[in-house]
Amino acid sequence: VQGVITGPMSFHAAFDAQAAKSPHADAVSSIPIGAVGGIAGAIETQSYDAVAARSKVLAVGLAQLMADAQPSPLLGMPLLALGLPRTHRDFLPVLLAASRIRAVFVLLSLDLPDVAREAKRNRWILDCLQPWLILTEDKFESVRIPATGVPFCHVSQLVKGAMDDRRTGKHSDEADHSDIFCLLFPGGTRRMKIACCTHGMLLHEHVAYQKMVSLRGKQPRVLGNASAFWPAATLGQYSLCLAYGGCFCVTDAAD
């Protein structure tokens, strides 16, 4: 991977490069949970520039909370659990914010049709990986994330924490492609497996897709319909979208 990557060294650096290239282009379009039938008025779209700016604000608030974070026993460093719906307007900005401050995260699933299976996975994550915090939406009322003693934090609290802090530029040393971006759970077997996904793994796809297929014409729109229960698919769909400067169209899970 090191020999392939010659451009951005991190997920957020790749996004920022695209935002500089096409700041006003649509970056993400989502239909919030509960919007029946995909009513046009319920679809929320954000530009690359808006997502990048929002992520920098969230990064400041998240960095403040991380000052007292305890490391995960298995990982040896603080682990953040993201309990945001993929259709939440801050889902992508939070991923970028975590990247900016080098905060390793794990996704909690909230939309798998098999609720019992989903709750079992979420409990396993919280019990075994012991994240220091669960980041959720402001009106969080979910039975899909069991109470285990791990504290919750709403996204609005990150914004509030950043109000008096103007450090929206560089937050820490730039992440390297070998740094861990998040934890994934490879499927295909009955035995639970944990894989560390580095920035380089995402950026490898970012480069490889462009070499394999050249797209011309209008901005591509990429469907994001994979539940966070399958985080490799969730992030893989987005890496494909970012490779072409496309708009990520997020819906509830279809699996």
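This is a short chat about a predicted model and some of its residues and helices.

Visitor: Hi! What should I know before we start?
Guide: This is a predicted model, so local features need pLDDT of at least 70 and side-chain atom pairs count only at pLDDT 80 or more, while totals for chains, interfaces and linings use all residues. Residues are numbered from 1 along each chain as its sequence is written, and side-chain values use heavy atoms, with hydrogens and water left out.

Visitor: Cool. How many residues are in the largest nonpolar core?
Guide: There are 50, and F11, F15, F105 and Y238 have the most contacts inside that core. A nonpolar core is a set of buried Ala, Val, Leu, Ile, Met, Phe, Trp, Tyr and Cys residues joined through side-chain atoms within 4.5 Å. Buried means under 20% relative accessible area, exposed over 50%, and partly exposed in between, using a 1.4 Å probe and protein chains only.

Visitor: And what is F15 in contact with?
Guide: Setting aside neighbours within four places in sequence, F15 is in contact with A27, Y48, V51, A52, L92, L96, Y238 and L242. Contact here means heavy atoms within 4.5 Å. Apart from that core lies another, of 15 residues, including L79, L126, I145 and L183.

Visitor: New topic: is S10 buried or exposed?
Guide: S10 counts as buried, because its relative accessibility is 0%. You'll find S10 in the segment before helix 1 (11-21). Helices (H or I, at least four residues) and strands (E, at least two) are DSSP runs, numbered from the N terminus.

Visitor: Which side chain does the S10 side chain make a polar contact with?
Guide: That of H12, at 3.3 Å. A polar contact is a pair of N or O atoms within 3.5 Å; within protein, one must be able to donate a hydrogen and the other to accept it, and residues adjacent in sequence count only if both atoms are side-chain atoms.

Visitor: Where is R102?
Guide: R102 sits in the loop between helix 3 (91-100) and strand 4 (104-107). Its phi is near 60 degrees, a positive value in a residue other than glycine. R102 is partly exposed, at 37% relative accessible area.

Visitor: What about Q130, where is that one?
Guide: Q130 is in the loop between helix 4 (115-129) and strand 5 (133-136). Q130 is not a glycine either, yet has a positive phi of about 50 degrees. With 40% relative accessibility, Q130 counts as partly exposed.
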